[in-house]
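Reader: Could you show me how to read domains and chain contacts in a model like this one? I am happier at the bench than in a viewer.

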Amino acid sequence: MVSITDIPRQPDVPLDRRVIARRATMGLSLLLAAASLLSLTYGASGTSLWSALGDLLAGRELSRMDRVILFDIRLPRVILGILVGAALAVSGAVMQGLFRNPLADPGLVGVSAGGGLGAITAIVLGGMLPVALRDWAGSYLVSFAAFIGAWVATMILYRVSTRHGRTSVATMLLAGIAMGALAGAAGGTVTYMADDQQLRDLTFWSLGSLAGATWAKVLAAGPIICIAVLGAPFLARGLNALALGEASAGHMGIPVQRLKSIAILAVAGATGAAVAVSGGIGFVGIVVPHLLRLATGPDHQALLPNAALLGGSMLLLADVISRTIIAPAELPIGIVTAVLGAPIFLWILLRRRGLVDL
Amino acid sequence: MMFEAKNVVVSLGRKQILHHVGFTARAGELTAIVGPNGSGKTTLLRALTGDAEYSGEIAINGQDTQSLKGWELAAMRGVLPQAAVLAFPFTAIEVVRLGLTAGLSAGNTRLPTQALDAVGLHGFANRFYQELSGGEQQRVQLARILTQVWEPVVDGVPRWLLLDEPVASLDIGHQLKVMQLVQQYAKRGGGVIAVMHDLNLTAMFADSVTMMCNGQVAGSGPVDEVLNNQTLSTAYGCSLRVNTMPPFGGTFLLPHSASQPTMGH
């Protein structure tokens with residue numbers, strides 16, 4: 001032990017995880033760019049991005065079909081994939097930081113369940129709506145209902161678990177489980193009333209897909225997801241302090257209650273928007289932050305932007321697989337993320353067992 | 001400059017835990033809060049840190065703590081919790097670095113390493129916090145608090161360390177070293193308020209003592225005034241003898257049971 005006054009100045013740790021995290025950010029940016037190119041290049045049709053680019057550079061007009069496939073089918077799908085992947089991964093990371101639990105996920109506290117219930121209700125009971133409203137909402141009825149469902153679930157949770165201006169994380173976790181069960185039961189009842197076609201729609205919605213990507217959906221989900229994902233790093237300092245517990249975070253000058261409110265709003269918005277446009281895509285919110293924590297540490301300053309990059313890349317790659325593996329048909333992307341994500345997750349748990357406590 | 005509490009009442013539900021407590025700690029001194037289990041010493045500290053809701057007045061350096069913003073308080077005082085469970089696999093240095101973001105020394109990136117050295121954890125920087133022993137974890141937390149309020153005095157205004165049983169899970173060697181470290185903080189002009197269990201360490205290091213008993217102050221003042229046979233035996237409900245070590249003149253306490261022969265002074 002050295003006295004406070006005469007400590008020799010020493011260099012900081014030579015290669016700490018902050019350096020690794022910065023390198024990871026650059027690597028993941030390249031990965032996202034590569035995944036985007038791959039996703040634009042491959043598809044069920046034979047249209048080639050490269051020959052199209054060659055045509056464009058040579059000043060030739062693209063054929064109408066190439067233009068539609070590249071700009072109206074593949075490009076919005078790539079952008080939507082990045083948005084949804086980033087939203088799910090960042091929501092997972094923020095939720096885990098907020099709940100101080102690496103297994104927390106918007107799926108856990110009933111936010112996704114609320115979104116699911118909204119979608120199920122719209123698919124099955126949408127036909128009962130007045131014709132004018134149905135025409136106005138068009139094919140976005142399901143997305144809109146899912147978004148509303150996620151928001152309502154979050155607001156109920158927040159009201160239940162907040163007393164005297166303080167949100168109890170434990171109450172919220174338990175209330176989330178109850179909400180999830182309730183939404184599941186309500187969803188089950190509605191499903192019971194569904195006809196065969198609706199059952200098929202329901203199943204595919206719950207498996208998740210980017211197949212319905214359009215510019216309109218990109219424009220609908222984009223702003224909310226962008227605000228949440230780009231704003232999340234501003235919560236990093238608070239989420240780091242929160243790892244020490246709410247009291248210690250408060251002692252460090254973090255406005256804990258405001259942090260919790262903003263984080264919950266961001267998660268509800270991003271998850272709601274993502275579930276609305278893509279259905280139930282699982283595992284991204286748990287696997288992506290977990291992989292990054294193992295590689296670069298739990299510092300949210302690096303974790304949140306890196307989660308956005310890796311989440312987007314992973315979802316794009318999963319989408320490429322889902323589109324090409326049984327082409328010209330499409331495998332729902334939720335199946336791909338689960339098939340890839342679950343074994344990776346188990347492998348991580350086995351490999352690091354005992355070394356890093358969950 | 002002082003850390004002062006006047007007429008502080010803390011209730012938990014309908015039960016009053018602190019009854020109109022007054023407390024004063026001076027900058028430049030190590031003030032110990034002692035008392036038996038359940039006497040309200042940790043509750044008093046929790047009121048001082050703002051964790052427990054209270055009625056009454058609490059002022060740090062003459063300013064009402066409730067009128068100060070969180071970041072203003074964070075720049076003025078660091079709080080060491082009794083035990084801190086960490087949610088994610090941070091390394092020791094990363095935990096200490098969290099202290100940088102709270103105080104006034106955000107730019108001083110060498111500070112976390114210096115603080116780890118100061119608590120005797122040189123070479124532990126890249127160890128996972130969760131793999132450390134309880135005593136090592138406690139010293140990592142102390143390093144984090146030191147990083148937050150590294151300079152004991154800033155612009156003539158003292159800063160404070162509020163410590164909840166800072167040496168509870170340490171071996172005797174580290175107990176002494178940590179007490180010396182915080183004593184030095186006080187000697188350099190900062191204020192230290194520590195909830196202490198060990199009366200002998202208190203007698204050795206504290207400049208003044210507040211003894212709590214049944215949610216009230218049983219005595220406060222310089223060590224040799226407060227730690228006497230009468231007050232101690234009443235507060236702790238057992239026979240305690242205060243003795244003086246001949247060669248150094250230091251005070252030490254010895255409990256004895258009724259079956260043992262009485263020891264003289």
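Author: Gladly! Keep in mind that this is a predicted model. Let us begin with domains: the assignment splits chain B into domain 1, residues 2-227, and domain 2, residues 228-265.

Reader: How far apart are the C-alpha centres of domain 1 and domain 2 of chain B?

Author: They are separated by 28 Å. To see how the two parts meet, look at residue contacts, counted when C-beta atoms lie within 7 Å. Here domain 1 of chain B brings 14 residues to the contact, and domain 2 of chain B brings 10.

Reader: Which elements of chain B supply at least two residues each to the side of domain 1 that touches domain 2?

Author: Look for helix H7 (199-205), strand E11 (208-213), strand E12 (216-222) and helix H8 (223-226) of chain B. H7(B) gives the most to that side, 4 residues. By class, this side of domain 1 of chain B holds 10 nonpolar residues, 3 polar and 1 charged.

Reader: Now the two chains, please. How many residues of chain A are in contact with chain B?

Author: From chain A, 33 residues take part, and they meet 35 residues of chain B. On the chain A side, the elements giving two or more residues are helix H10 (236-242) and helix H11 (246-251). The largest share there comes from H11(A), with 4 residues.

Reader: What is the make-up by class of the side of chain A that touches chain B?

Author: You will find 15 nonpolar, 10 polar and 8 charged residues on that side of chain A.

Note on methods. Residues are numbered from 1 along each chain as its sequence is written. Chains are lettered from A and ligands numbered from 1 in the order in which they are written. This is a predicted model: local features need pLDDT of at least 70, side-chain atom pairs count only at pLDDT 80 or more; totals for chains, interfaces and linings use all residues. Domain bounds come from an automatic or database domain assignment. Ala, Val, Leu, Ile, Met, Phe, Trp, Tyr, Cys and Pro count as nonpolar, Asp, Glu, Lys and Arg as charged, and the others, Gly among them, as polar.
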